[in-house]
Amino acid sequence: MELYTPVLGLLILATGFAVFSIVMSMATGPSRYNRARLDAYECGIEPTPQAVGGGRFPVKYYITAMLFIVFDIEIIFLYPWAVHFDAMGFFGLVEMVIFIATVFVAYAYVWRRGGLDWD
């Protein structure tokens with residue numbers, strides 16, 4: 001059980017910090033009513049009313065976010081390869097070239113299809 005003591009201590013410290021931050025922000029922050037503060041915030045753009053029957057929702061932002069995640073995961077795979085490059089030798093180099101080429105083909109496809117155009 002003593003192996004879990006540091007984990008428990010860190011959990012208690014993190015919980016205490018979160019509770020302390022919330023309590024202090026409520027105690028020291030202004031509590032004035034402000035209509036703009038209660039409105040939905042959409043990246044600085046005035047929110048537009050939604051059509052009664054719903055309507056089409058643009059998914060461009062989410063596609064861009066998913067592309068970011070894909071390329072971010074590629075970087076995560078590059079770190080262990082870079083750390084153990086000497087131990088893997090030529091085989092590791094060939095495998096990483098194949099991996100990067102595969103991701104580059106996907107990137108070229110998305111670029112060609114207009115997935116990176118923000119308009």
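This briefing walks through the fold, the helix packing, two residues of helix 3 and a surface patch. The model is predicted. Its chain has four helices and zero strands, giving the pattern α-α-α-α along the sequence. Helix 3 and helix 4 are a good place to start, since their contacts link several of the points below.

**Overall make-up**
- Of the 119 residues in the chain, 7% are buried.
- The chain has an accessible surface of about 11,200 Å², and carbon and sulfur atoms account for 71% of that surface.

**How helix 3 and helix 4 pack**
- Helix 3 covers residues 60-83, and helix 4 covers residues 85-112.
- The axes of these two helices lie 10 Å apart and make an angle of about 170°.
- Angles over 145 degrees count as roughly antiparallel, and helix 3 and helix 4 are therefore roughly antiparallel to each other.
- On the helix 3 side, the residues that meet helix 4 are Leu-67, Phe-71, Glu-74, Phe-77, Leu-78, Trp-81, Ala-82 and Val-83.
- Their partners in helix 4 are Phe-85, Met-88, Gly-92, Leu-93, Met-96, Phe-99, Ile-100, Val-103, Tyr-107 and Val-110.

**Glu-74, a residue to look at in helix 3**
- Glu-74 lies in helix 3 and is among the residues that meet helix 4.
- Its relative accessibility is 12%; buried means under 20%, so Glu-74 counts as buried.
- Setting aside residues up to four places away in sequence, Glu-74 touches Phe-99, Ile-100 and Val-103.

**Trp-81, also in helix 3**
- Trp-81 is found in helix 3 and, with a relative accessible area of 22%, is partly exposed.
- Beyond its neighbours within four places in sequence, Trp-81 is in contact with Met-88, Gly-92, Leu-93 and Met-96.
- Trp-81 and Glu-95 are 14 residues apart along the chain, and 9.8 Å separates their C-alpha atoms.

**A nonpolar patch on the surface**
- Val-59, Tyr-61, Tyr-62, Ile-63, Met-66 and Trp-118 together make a nonpolar surface patch of about 690 Å².
- One of these patch residues, Val-59, sits in the loop between helix 2 (35-38) and helix 3.
- Val-59 has a relative accessible area of 45%, which makes this residue partly exposed.
- Patch residues need over 30% relative accessible area, and the 45% of Val-59 fits that cut-off.

Conventions: Residues numbered from 1 in each chain as written. Predicted model: local features only at pLDDT ≥ 70, side-chain atom pairs only at ≥ 80, totals over all residues. Heavy atoms only, no water. Patch = residues over 30% accessible without salt bridge, like charges linked within 9 Å, V, L, I, M, F, W, Y side chains within 5 Å. Areas by Shrake-Rupley, 256 points an atom, 1.4 Å probe, with all protein chains shown as cover. Salt bridge = Lys/Arg side-chain N within 4 Å of Asp/Glu carboxyl O. Buried < 20%, exposed > 50% of the residue type's maximum accessible area, 1.4 Å probe, protein only. Axes fitted to C-alpha atoms, helices over the stretch in contact; angles between N-to-C directions. Parallel < 35°, antiparallel > 145°, perpendicular 65-115°, else oblique. Contact = heavy atoms within 4.5 Å.
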